[in-house]
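This report goes through the fold of one protein chain, from the span of a helix to the pairing of strands, the nonpolar cores and the confidence of the model. Please keep the sequence and the structure in view while reading.

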Amino acid sequence: MKTNSPITPRVPFWLRWLIPAVLVVAWLAIAGIGGPTFGRLSEVSSNDQASFLPAGAEATEAQDWQAKFRDSKEIPAVIVVESDSAFTPAQLGEAAALKGRLEDLQAGSTVIGPIPSEDAKAVQFVVPIDSSAEVKTVVKELRSEVQASAPAGMRTFVTGPAGLIADLVSAFAGIDGILLLVALGAVFLILLVVYRSLLLPVMVLFTSVFALCASILLVFGMAKAGWIQLNGQSQGILSILVIGAATDYALLYVARFREALTHTKNRTAAAITAWKAAWEPILASGATVIIALLCLLFSDLNSNKALGPVAAAGILCALLAALTLLPALMALLGRAAFWPFRPKLLPETEREAELVTGLEGQKGIWRATGSLVSRRPRTVWVASVLLLLVAGTGILQLKANGVAQTDVILTASNAVDGQDALGRHFDAGSGSPAVIVADADRAQDVLAKVKTSDGVGDAYLLADGGVPIMTGAAAIPGAPAAPTAPASPAIRDGRVLINATLNYAADSTEAENVVVSLRRELKEVDGGVLVGGVTATALDTNTTAQRDLVTIIPVVLGVILVILMLLLRSVLAPVLLVASVVLSYAAAMGVSAFVFNNVFGFPGADATVPLFGFVFLVALGVDYNIFLMSRVREESLKHGTRPGILRGLGVTGGVITSAGVVLAATFAALGVIPIMFLVQLAFIVAFGVLLDTVLVRSLLVPALAYDIGPRLWWPGKLGRPGNDAAARGGIPSSRPAENEEAGVR
């Protein structure tokens, strides 16, 4: 039987060629500028302590006061020279001579030391490093000098805050290259498997990479202007987030474009049709993630505040690339993008088939999934909820109270080894003292109280230049005598500075308990006293991070709920979707806690891990809710709620699964950076996204929605009695219950 060929609408030249070409050229220009900027991010990036401090904490205020007592902002490096046996007199003399070489290397800076240990098996020096210098480079020079000049057979370490910062910067060194290559390689392989095409994966990756170039340019400009703080942590997450999000949005658009090509021969018309169908869910998804990330601005932690706008800028660029660059590329390439498996034009009679069950035309795993959902909806969603609840119980085992700074770096670290050496031979808090800012009139009373406090090994007032007020000769033969102490301490605006060396490692729980006690006891002597330093900063960071959980989580959930209500024109459906995402998050955190404790053997987790995990999992998990339910609503308007649910599940199942696998793979790439926080975040998000994609979005949400039926859209028009039948044109459903609800007889 002869059939008439479909009429191909005529598209004007400017729409068919000019606009797509202009968009592609514009993005090429952006990439050409933004790409080289990638290597300049280090100019505006900082990994020092200030970029992570809680903005309004007591430790931060103490640090501000501490800067007034110094001629310049300095970071102490602690040098440890260790032997298996007691130092001989000759070796002690060599160690003493090292001080002069260190001062020459540091352009005349005053080096404290050598300070011998009680067991005579180690000496230490404290070398101040200007924070404006390249700390990593200076520490490398110190390590070379100490190793070359120390007595033969000795072990040498450069540790303390400067040493740890240098090793942390080295650990972040893979962010610009290795991380990006691993992420792009994983995405490319997945896209090859998904599309079985050579050209289309390249086009999708171009979209992702160009979006990343644009975000780098935007973030660099904001950091250069001083609007945001950029650090290695947010820089690494930016790359992963942009690549993952842009690829997800691209997958959704490509799916609608492929579907449109089965309805028309005209590639431009197909590109426009796909854009009209995809822009709303893509925009809603992007807006949800952007607003959720900007909620981090409510945090009191500088690291959280920094990540919010940085990541939001990345999502904005991913959104723009997916809605402009990719449609332009598809409009220019048409069916050729899918070579060698080009989509075929369907006969006109098959394009808008009427649905009765919702499974018509579906094949393979998604037909089987839809069949299971339609036959046993309540069993499926109840079993899914129970499974998630069981997994969620593991969250009680999550030890997110912060970890020692020496545990943050997962690879070999000279600074970490040096901290262990300090603990073996000196007061464990050497080199990272507690810093106490007190009223000058009460200085001696405060000092006396500090010295008698449990957990404090020594305490002393500071004179100008940060020199401790001490007297006496050096304990090492051949070393110069210590200078006579100034008559009075340095005073700034009526305040003095006291350093207290703790008996415990500065990043230990025991040291934090000492700080808590000091703050309580010293307030009785001086009501305005401040206790800061490395330990106090860690304590305040953990406390602030836990408070942020209570503050930010409700805000994020509220924002997501409102966006879903506007998109779906319903109240009940968004409430159920948000509840499913929260349940999925709890399950992901529960499984992660088990893996961290029993598989990886991590001593704990950073206090910000639960918050970051929540923001990424909930915001990104809602993406898949939006992809699914926006299509379900579209199909429900045509065919009725229950057939629409099965149809929506079938046509989006492959897209959402592919998007989930891509996003999981990109976040898993964070694991190549040997930083505990990033490795933990990589596992949480990768596992959580897969759990969300495979279980929640494929079974729990469709089964729950199918069980509820048209009431899912309450109080919207689609959920009112009779409207569901009208949407189906009066075609009865295969389920008697739906016929009754819809008023079909």
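The expected span of a helix is taken as 1.5 Å times one less than its number of residues. The model shown here is a predicted one, and helix 6 offers a place to apply that rule. Helix 6 covers residues 160-171, twelve residues in total, so at 1.5 Å a residue it should span 16 Å, and the 17 Å between its end C-alpha atoms agrees with this. Helix 6 is also mostly covered, with ten of its twelve residues buried; among them are Gly160, Pro161, Leu164, Ile165, Asp167 and Ala171.

**The chain as a whole**

The protein contains 24 helices and eight strands, and of its 745 residues, 56% are buried. Among contacts with a separation of 6 or more, 81% are made by residues 24 or more positions apart.

**Strand pairing**

Strands of a sheet pair through backbone hydrogen bonds, in either a parallel or an antiparallel manner. The pairings described below are set out in the table, each with its number of bridges and one pair of facing residues.

| Strands | Direction | Bridges | One facing pair |
|---|---|---|---|
| strand 2 and strand 3 | antiparallel | three | Ile112 and Val126 |
| strand 5 and strand 8 | antiparallel | four | Val437 and Leu530 |
| strand 5 and strand 7 | antiparallel | six | Asp439 and Arg495 |

Strand 2 (residues 112-116) and strand 3 (residues 122-130) form a hairpin with an antiparallel course. Five residues lie between these two strands, and in this hairpin Ala120 adopts a positive phi near 65 degrees. Asp130 belongs to strand 3, and because its relative accessibility is 32%, Asp130 counts as partly exposed. Although 54 residues separate Asp130 from Pro76 along the chain, their C-alpha atoms are 8.7 Å apart.

Four strands make up an open sheet with antiparallel pairing, in the order 6-7-5-8. Strand 6 (456-461) and strand 8 (530-533) are the edge strands, each of them pairing on one side only, and from one strand to the next the twist averages 25 degrees. Strand 5 (residues 434-439) is joined to strand 8 by four bridges, and to strand 7 by six. Strand 5 is mostly covered, since five of its six residues are buried.

**Helices against the sheet**

Which strands does helix 16 lie across? Helix 16 (residues 443-451) lies across strand 5, strand 6 and strand 7 (495-502), and its direction is at about 165 degrees to that of strand 6. Helix 18 (residues 534-568) also packs on the sheet, where it touches strand 7 and strand 8 and makes about 100 degrees with the direction of strand 8.

Within helix 18 lies Thr535, which is buried because its relative accessible area is 3%, below the 20% cut-off for a buried residue. Leaving out residues up to four places away in sequence, Thr535 touches Leu502, Ala506, Ala511, Glu512 and Val515.

**Nonpolar cores**

In soluble globular proteins, nonpolar side chains tend to be buried together. The largest nonpolar core in this model has 166 residues, of which Tyr249, Leu293 and Phe616 touch the most other members. Helix 22 (residues 676-708) gives the most to this core, contributing 20 residues. When neighbours within four places in sequence are set aside, the contacts of Leu293 are Leu241, Gly308, Ala311, Ala312, Ile315, Val615 and Phe616. There is a second, separate core of 25 residues, and its members include Ala95, Val135, Met154 and Ala166. Ala166 is also one of the buried residues of helix 6.

**Confidence in the model**

How far the prediction trusts itself varies along the chain. The average pLDDT of the protein is 82, and 85% of the residues score at least 70. Confidence is highest in helix 13 (residues 377-392), with a mean of 95, and lowest in helix 24 (residues 736-742), with a mean of 39. Residues 1-7 stay under a pLDDT of 50, and the model gives this stretch two contacts beyond four places in sequence. Residues 471-485 are likewise below 50, and beyond near neighbours in sequence the model shows 20 contacts for them.

Technical notes:
Residues numbered from 1 in each chain as written. Predicted model: local features only at pLDDT ≥ 70, side-chain atom pairs only at ≥ 80, totals over all residues. Heavy atoms only, no water. Pairing = 2+ DSSP bridges. Axes fitted to C-alpha atoms, helices over the stretch in contact; angles between N-to-C directions. Contact = heavy atoms within 4.5 Å. Buried < 20%, exposed > 50% of the residue type's maximum accessible area, 1.4 Å probe, protein only. Core = buried A, V, L, I, M, F, W, Y, C linked by side-chain atoms within 4.5 Å. pLDDT = per-residue confidence, 0-100.
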